[in-house]
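I opened this entry to keep track of what I looked up, topic by topic, and what I found each time.

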Amino acid sequence: WPEPESGAKSMSTFCAAGGVWNVFTNSHTTVLAAQNASIQSRRSGLTLSSADVADYRRACQMLAPFNIPLGTAMAEFVTARKKVHPHTLHEAATFFSRGHAEHRNAPSVAGILVELLAELADERRSSIYVIQLRRDLEKFAAAIADINEATEENVRAYLRDLRTSKGGPVSARRRDNVRDSIVRLTKFARKKNYLAADKVSGPEHIGHVAEGGEVSTYTPAEVGGILSWFHDHAPAWLPLVAIGTFAGLRTSEIFRLSWEAFNWTEGCIAVPRAIARKVRKARSVPILPALAAWLSPWRQHTGPLFPGPDKKPRTFIQIESARRKTWARFTASTGAAWKNNALRHSFGSHRLAAVKSYDQVALEMGNSPAQIREHYNDPKGEAEALRYFSIVPASHVTNVLSMTPGA
């Protein structure tokens, strides 16, 4: 029972086991406060309506858990609202909470790499891409073990210290490739909530430094010589060279192709997403007359373009290893250096001169028009483009593929 001098406090203490009385006394206190406020307002000449009193009562109830007086709460509200105007405090608080949310306990960089590689395997990404990524990031993980230590400053220092097998600095292109691999890792870490979701990671602030340069392409005469050598010395690889030259497919795409992708009646090559793994977009590539002529001995073939001894598809790594050996033979035999990606670049540049449409060439090559402008635009004249796409065998008789490459 309440003592006269202690009031609600004694009642709350006496009935603490019940719990209900606490609610009553708190509400009763709020009512008394509202009544006192009404009395004070009348004394000061301020008139409060019943709605005003109800608002005051509700405000006091909402502030009770925080033990903040109404006047203090209003002062904080006005100050904060001025700072975030024209946004609401709710919007500001939501934005703030995203950036200061509790992150998951991040594993080591090596552990995050394991998770990333597992996800790439589930997505069936290119094995050569995964191998290169692992090679780049395993070394990075050995140098920087904590993902939170992958700051812009630390990553710049790491890239600066990269060396070739001979001890010299790596090329700008190689440095950029490693930078891209590190950015791939930090973006994955952010997606897994190991890094703040609304913040750009340190490596992403580091730009590319690769030197600009002319696009490497072959002339019609050079293409003729290449086709002639492969016809005479490595005929099994002639389809790859011809498809790269006259259809512009990526080497990795050609490795995965089967002859069933060639629709000779419609005159097109179907490149599904499973084949175009770099961009993961299906496309249809025309079989131009020159390509049809060079591939005529294989029109009746089925199965993979590069079967193994047991007629089963070989792995990407097996095919790439065999290709490198054959290309080394080409260089040793002809004395001509093989230009990296030049078959695809040559197709893009000559095709652009022939059709005069960035959009069409981009669609056929599985790129954006902007990429065609930057990477596949070694300006050619119409006459040269005509000579390029006129390189055909002199005879279409199987195994008798002499040719006139043109000037």
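**Aromatic pairs**

I began with the rings and found that the structure, which is a predicted model, holds 19 aromatic pairs. I looked up the one formed by Phe140 and Tyr158, which is edge-to-face, with 5.2 Å from centre to centre and 80° between the planes. This pair links distant parts of the chain, since Phe140 sits in helix α7 (residues 127–143) and Tyr158 in helix α8 (residues 152–160), 18 residues apart. I also checked whether these two rings are buried or exposed, and noted that Phe140 and Tyr158 are both buried.

I then turned to Trp229 and Phe230, which form an aromatic pair that is edge-to-face, at 5.0 Å centre to centre and with 80° between the planes. I recorded Trp229 as buried because its relative accessibility is 8%, and Phe230 as buried because its relative accessibility is 0%. Both residues belong to one aromatic cluster, which I wrote down in full as Tyr218, Trp229, Phe230, Trp237, Phe255, Phe306, Trp327, Phe330 and Trp338.

**Charges over rings**

Which residue lies over the face of Trp327? I found Arg323 there, at 5.1 Å from the ring centre, and I note again that Trp327 is a member of the aromatic cluster. I looked up a further arrangement of this kind at Tyr358, where Arg373 lies over the face of the ring, at 4.2 Å from its centre.

**The sheet**

I next followed the strands and found three of them in an open sheet, in the order β1-β2-β3, with antiparallel pairing. The edge strands are β1 (262–263) and β3, each of which pairs on one side only. For β1 and β2 I noted antiparallel pairing over two bridges, and within this pairing I looked up Phe262, whose bridge partner in β2 is Ile269. Strand β2 (residues 268–271) pairs with β3 in the antiparallel sense over four bridges, and here I wrote down that Val271 has Arg283 in β3 as its bridge partner.

As background to the next step, I reminded myself that in a regular strand the side chains alternate between the two faces of the sheet. Which residues of strand β3 (residues 283–286) make up its covered face? I listed Arg283 and Val285 on that face, while Ser284 and Pro286 make up the uncovered one.

**Salt bridges**

I counted 16 salt bridges, and I started with the one that involves a residue already met in the sheet. Arg283 forms a salt bridge with Glu253, and the closest N and O atoms are 2.8 Å apart. Because Arg283 lies in strand β3 and Glu253 in helix α12 (residues 251–256), the pair ties together parts that are 30 residues apart in sequence. I checked the cover of each partner: Arg283 is buried, with a relative accessible area of 9%, and Glu253 also counts as buried, at 1% relative accessibility.

The salt bridge between Arg156 and Glu152 has its closest N and O atoms 3.2 Å apart. Both residues lie in helix α8, four residues apart, which is about one turn of the helix. I noted Arg156 as partly exposed, with a relative accessible area of 33%, and Glu152 as partly exposed, with 29%.

I then looked up Arg324 and Glu320, whose side chains meet in a salt bridge at 3.0 Å from N to O. They are four residues apart in helix α14 (residues 316–334), so about one helical turn separates them. What I noted about their exposure is that Arg324 counts as exposed, at 55% relative accessibility, whereas Glu320 is buried, with a relative accessible area of 13%.

My last note under this heading is that Arg135, Asp136 and Arg174 are linked in a network of salt bridges.

**A nonpolar patch**

Which residues make the nonpolar surface patch of about 260 Å²? I found Met74, Phe77 and Val78. I looked more closely at Phe77, which lies in helix α4 (residues 70–84) and counts as partly exposed because its relative accessibility is 38%.

Methods:
Residues numbered from 1 in each chain as written. Predicted model: local features only at pLDDT ≥ 70, side-chain atom pairs only at ≥ 80, totals over all residues. Heavy atoms only, no water. Buried < 20%, exposed > 50% of the residue type's maximum accessible area, 1.4 Å probe, protein only. Pairing = 2+ DSSP bridges. Phe/Tyr/Trp six-rings, centres within 6.5 Å; stacked < 30°, edge-to-face > 60°. Lys NZ or Arg CZ within 6 Å of the ring centre and 35° of its normal. Patch = residues over 30% accessible without salt bridge, like charges linked within 9 Å, V, L, I, M, F, W, Y side chains within 5 Å. Areas by Shrake-Rupley, 256 points an atom, 1.4 Å probe, with all protein chains shown as cover. Salt bridge = Lys/Arg side-chain N within 4 Å of Asp/Glu carboxyl O.
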